[in-house]
Amino acid sequence: MQNTIEFFKYQGTGNDFVMIDNRDLQFPKEKEIIEKLCDRRFGIGGDGLILLENDSTSDFKMVYYNSDGNESTMCGNGGRCLVAFAHFLDVFEDQTTFTAIDGLHEAEIHNGIIKLKMIDVGVIKNVENGFELNTGSPHYVTFVEMLKNYKVFENGNNIRNSSSYCEEGINVNFVEELSENEIFIRTYERGVEDETFSCGTGATASALVFLKDKNQTSVNVKVLGGNLKVYAEQDGESFRNIWLEGPAKQVFKGKINL
Ligand SMILES: N[C@@H](CCC[C@H](N)C(=O)O)C(=O)O
């Protein structure tokens, strides 16, 4: 017998996700099924798939899969979209906490803008031509010029598959400083294996590298799919009180046969 599931589609600055209410734990967590649902020709289409589940210590739990069907580490835009989804499902009113793979997150929603607290970040490592840090997911950050015309797929794919990163993979962020208050970022994402329109943990990582050792606690972030803002407080070599802010929207809903 054919199994039909109800889904919702969300996007946060163009990073798009299939969203499923799995509080009844009925969703089959199989790689082939998730990959097919994320396929833009044979499925719904999305950079990832997110399950909203019950949690014993917070309002809900986030389970995140990349479009390759594998469960992965934290997704910042996905987290913001999931907060919008939980709000739509009346799980909370305007402030919430939820549990993700990297721990507990606080979040708030006001007029469609979601502000999500990210994990504290330790040392930013200097590596060849760039920086490496973990904002819930692993990121490589490098500064370039003329980012609009930059070959993000080719260069991102080369770095992601280089000997340093090929085993675990890494997300690769190319950053251009537009002004003292604004950076422009384009990201090649691990697990999507392509450039996406936005990456929340990547925007956070790039913002922290930009803010490091400056007397500044926020920066506007322009991405292909819109605008984000990152707030952070530096404490020695580390950062805390890190917030990722931006819009997240429900795009459509439907039913699909598995
Ligand atoms: N789109 C994401 C990052 C998702 C995880 C990443 N692809 C990985 O596997 O590390 C975001 O908004 O943070």
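Of the 258 residues that make up the protein chain, 41% are classed as buried, a label given when 20 or more other C-beta atoms, placed from the backbone, lie within 10 Å of a residue's own (12 or fewer makes it exposed, and anything in between partly exposed). The model is a predicted one, in which local features need pLDDT of at least 70 and side-chain atom pairs count only at pLDDT 80 or more, while totals for chains, interfaces and linings use all residues. Residue numbers start from 1 along each chain as its sequence is written.

The protein chain contains four helices and 17 strands, taken as DSSP runs numbered from the N terminus (H or I over at least four residues for helices, E over at least two for strands). Its radius of gyration is 18 Å, close to the 18 Å expected from the globule rule for 258 residues, so the chain is as compact as a globular protein of that length; the radius is taken over C-alpha atoms, and the rule is 2.2 Å times the number of residues to the power 0.38. The C-alpha trace spans about 55 × 40 × 30 Å along its principal axes. Among contacts with a separation of 6 or more, 63% join residues 24 or more positions apart, a contact being two C-beta atoms, placed from the backbone, within 7 Å.

Attention now turns to the ligand. Because domain 1 (4-116 + 248-257) and domain 2 (125-245) both give residues to the surrounding shell, the ligand lies between them; the domain bounds come from an automatic or database assignment. Of the 19 residues around the ligand, Ser-72, Asn-77, Ser-137, Gly-200 and Thr-201 come nearest, where being near requires a C-beta atom, placed from the backbone, within 6 Å. Helices α2 (76-88) and α4 (200-211) are the elements that give two or more residues to this shell. By class, the shell holds three nonpolar, 13 polar and three charged residues.

The unreviewed UniProt entry carries a "binding site" annotation that includes Asn-66 and Asn-171; such annotations may be inferred rather than shown by experiment. Asn-66 sits in strand β4 (residues 60-66) and is buried because it has 24 C-beta neighbours inside 10 Å. Beyond four places in sequence, Asn-66 touches Gly-48, Ser-72, Gly-191 and Val-192. Asn-171 belongs to strand β11 (residues 171-179) and, with 27 other C-beta atoms within 10 Å, is likewise buried. Its contacts, again leaving aside neighbours within four places in sequence, include Ser-137, Glu-189, Arg-190 and Cys-199.

Terms used: Nonpolar A, V, L, I, M, F, W, Y, C, P; charged D, E, K, R; others polar.
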